[in-house]
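Colleague: Could you take a close look at how one pair of helices packs in this structure, and then place that pair in its wider setting?

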Amino acid sequence: MSIKSLDELMNIRKKHEENVSLRDNDNTSQTKLLVGMATCGIASGARETLNELLKEIKAQGLENVKVVQVGCLGYCHSEPTVEVNIPGQDAILYGPVTVDRVKELVERHIINHEIIEELVINQNFDRA
Amino acid sequence: MSIYRLNIMVCGGTGCMASDSQGIVDNFKDILKEKGYDQEVQVLKTGCFGFCEQGPIIKIHPDNVFYVKVTPEDVEEIVDEHIIKGRRVERLLYEDPDLKEKINEQSDMSFYKPQLRIALRNCGLINPEDIFEYIAYRGYEALGTVLKNQSPEDVINTMIQSNLRGRGGGGFPTGLKWKFANKAPGDEKYIICNADEGDPGAFMDRSILEGDPHSVLEAMAIAGYAIGAETGLIYIRAEYPLAIKRLEIAIDQAKEQGLLGKNIFGSDFNFNIKLKYGAGAFVCGEETALIASTEGLRGEPRNKPPFPATSGFKGKPTNVNNVETLANVAPIILNGPEWFNKIGTEKSNGTKVFALAGAINNVGLVEVPMGTTLREIVYDIGGGIRGGKAFKAVQTGGPSGGVITTKDLDTPIDYDSLQAIGSMMGSGGMIVMDEDTCMVSIAKFYLDFTQEESCGKCTPCRIGTKRIFEYLEKLTEGKATMDDLHNLKELCESVKDTALCGLGQTAPNPVLSTMEYYWDEYVAHVNGHCPTKECKALLSYTIDAEKCIGCTACVKKCPVDCISGERKEPHVIDEAVCIKCGACYDVCPVDAVIKP
């Protein structure tokens, strides 16, 4: 196998950029999804939610969206919780975001910037 | 394929590897597997993060958390807390020594804030043993672009406009060097990468080769295209086994992908790279000696001209560039020379990597824009002098350079300003010295190095450096006279003027520069006194006659029987016999022995 043109190199790069995208840090342009991963979160399925988020983001081909695990946010009654941080917009905290709601969250909020009212925990939550 | 949610980057540079970072990697892999997280978390060995003082270092993405001084035993806690529960392991975070606060993110650390990483751009970011990670960060795009759209002249013009100057020490414009080699007549030409990093305390080239070997390979291919060479040689010291291993892997992978070999990117351009091991002689960093050694001859320099650009390896036109210089090439091609011109000072564009060592808090590798002051490097990045002591001087340029003193702390550092104050950029070793450092001893240390490394071809260097060393030895033993001091100075000047190559011509620099700034210290040594008390031979223990009770405890302890006196009478030490062991000082019940 050998790379025979600049275009071929670019295609190979595209394929491998995904593998390193976790390492890009740019707080001004990246959308960040914070998943509460304390004991309460894990018990309610936060780990599955987090992995499903990653899968969905990849399936939708979204770039510049970062999923970060965090500790307990204090809303143990509504775990798993996901905080959506889109630059320039208020942070929105959702819960409980079970695996079956992930696709909806990604499509409605991340792609269409629509707030899913019935899933919001506290809309006045200031950005961390 | 699984989707990773976390990347754990473990430093795989020589420094951290020596503190068992391999054990950290192994433990991570085992524990993650055991707990069922190996499909979600990827563990990678990467290049040097530069903050060697705090090693071994690991960085976790996307959280951007930086853990320091990690041991293999800490891994279980990191997995349980950070990986599983999203809680940071506070005790392993870096604590800012001034603020006494734990710092989460690398970008907030004072060590990294003033830095701008071009040559080190991928160190700590990619797995150097995987060509695809390099490609993901625009690797080989510069080579592809050049081969597709640019003529060799275009490439040379870009390099000339960029003002990139040789990072190995001399600071010769890289573009011009390429132009000379391009213009030189000859059907066979060579590119040589000088990876014979020989300055004591310098390790920037090693770190680049260990952390980002492809950046050097790509630049060599670009240089080969620019001058019309099909063969590249990397002259690397055999003492760098890890760099050699990573280079070998990189060359194999590049060949496999067709990025080295025949018809690269479908063009007519062929290029191959071979490694050549050096035995670690300092003089082989000088390009003519390096070429001789590459040919299998004795590593001895020769007169220039002819310059290697017209007659180098096997008598063919040869272009020699240093590792760090080459690491700057691809970014210049990709971002354009104007981008590079905006960084640094007017006559020195771009950045420089420095290896900080000596009496400084943050020992490590830093890359800053040219024109950064020494104060910023020592105090902001370096975290100041170890143990809260006072700054005395910095030695730049290794055995070929000189000292920079407090007075020049605010000089913006570039090629010309360093030369103006009697030092030189050199390869970028920066040895920081505190108030307890004896300048005569420092000069002696460097001359001991150069007189041993002198290849012996020319008389001024072979005999001159030896005689200079002997004068310095005499000084540190308190046996020198003022005449010796003046002769020493004269000898230094004549070695500087008459030696054949750069090694000999610059060898007296540490003496001349310390003499200029610390003449008093030299005179004090003539008077039998070492102001910093570093020269052991000049110390003398005495007994305070008023305090001495004549108990004879010291007499019984003294291993050389140099203390005499009647019982219950004050005792005296015979300085001529005393070996300065300090046993009398330790044993005296009334503190009558005065320590120098």
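Modeller: **A packed helix pair**

In this predicted model, helix α9 (residues 213–227) of chain B packs against helix α10 (residues 241–256) of chain B at an angle of about 55 degrees, and their axes lie 9 Å apart (axes are lines fitted to C-alpha atoms over the stretch in contact, with angles from 0 to 180 degrees between N-to-C directions; helices are DSSP runs of H or I of at least four residues, strands runs of E of at least two, numbered from the N terminus). The two helices, α9(B) and α10(B), are therefore oblique to each other (under 35 degrees is roughly parallel, over 145 roughly antiparallel, 65 to 115 roughly perpendicular, and the rest oblique). On the α9(B) side the contact is made by P213(B), H214(B) and L217(B), which meet R246(B), L247(B), A250(B), I251(B), Q253(B) and A254(B) of α10(B) (contact means heavy atoms within 4.5 Å). Sorted by type, the residues of this contact comprise six nonpolar, two polar and one charged (Ala, Val, Leu, Ile, Met, Phe, Trp, Tyr, Cys and Pro are nonpolar; Asp, Glu, Lys and Arg charged; the others, Gly among them, polar).

Residues are numbered from 1 along each chain as written, while chains are lettered from A and ligands numbered from 1 in the order written. Local features need pLDDT of at least 70 and side-chain atom pairs 80 or more, whereas totals for chains, interfaces and linings use all residues, and side-chain values use heavy atoms, without hydrogens and water.

Chain A offers a second pair to set beside this one. There, the axes of helix α3 (residues 46–59) of chain A and helix α4 (residues 102–111) of chain A come within 9 Å of each other and cross at roughly 45 degrees, which makes α3(A) oblique to α4(A). From α3(A), the residues T49(A), E52(A), L53(A) and E56(A) meet V102(A), K103(A), L105(A), V106(A) and E107(A) of α4(A), and the residues of this contact divide into four nonpolar, one polar and four charged. Two of the α4(A) residues, E107(A) and K103(A), also join their side chains in a salt bridge with an N to O distance of 3.4 Å (a side-chain nitrogen of Lys or Arg within 4 Å of a carboxyl oxygen of Asp or Glu). Because E107(A) and K103(A) stand four residues apart in helix α4 of chain A, about one helical turn separates them.

Over all chains, the whole structure holds 36 salt bridges, and three are found across the interface of chain B and chain A. R23(A) forms a salt bridge with E133(B), where the closest N and O atoms are 2.8 Å apart. To the contact between the chains, chain B gives 46 residues and chain A gives 35 residues. The area buried between them is about 3,300 Å², with carbon and sulfur atoms giving 55% (buried area is the accessible area, 1.4 Å probe, that two parts lose on being put together, summed over both). Of the area that chain B buries against chain A, I3(B), R5(B) and P62(B) supply 19%, more than any other three residues.

P62(B) also leads back to the chain B backbone, since the peptide bond from H61(B) to P62(B) is cis, with omega near 0 degrees, and P62(B) sits in the loop between β3 (58–61) and β4 (65–67) of chain B. The peptide bond from K304(B) to P305(B) is cis as well, with omega near -5 degrees, and P305(B) belongs to the loop between α11 (287–294) and β10 (318–322) of chain B. K69(B), although not a glycine, has a positive phi of about 45 degrees; K69(B) is in the loop between β4 and α3 (75–85) of chain B.
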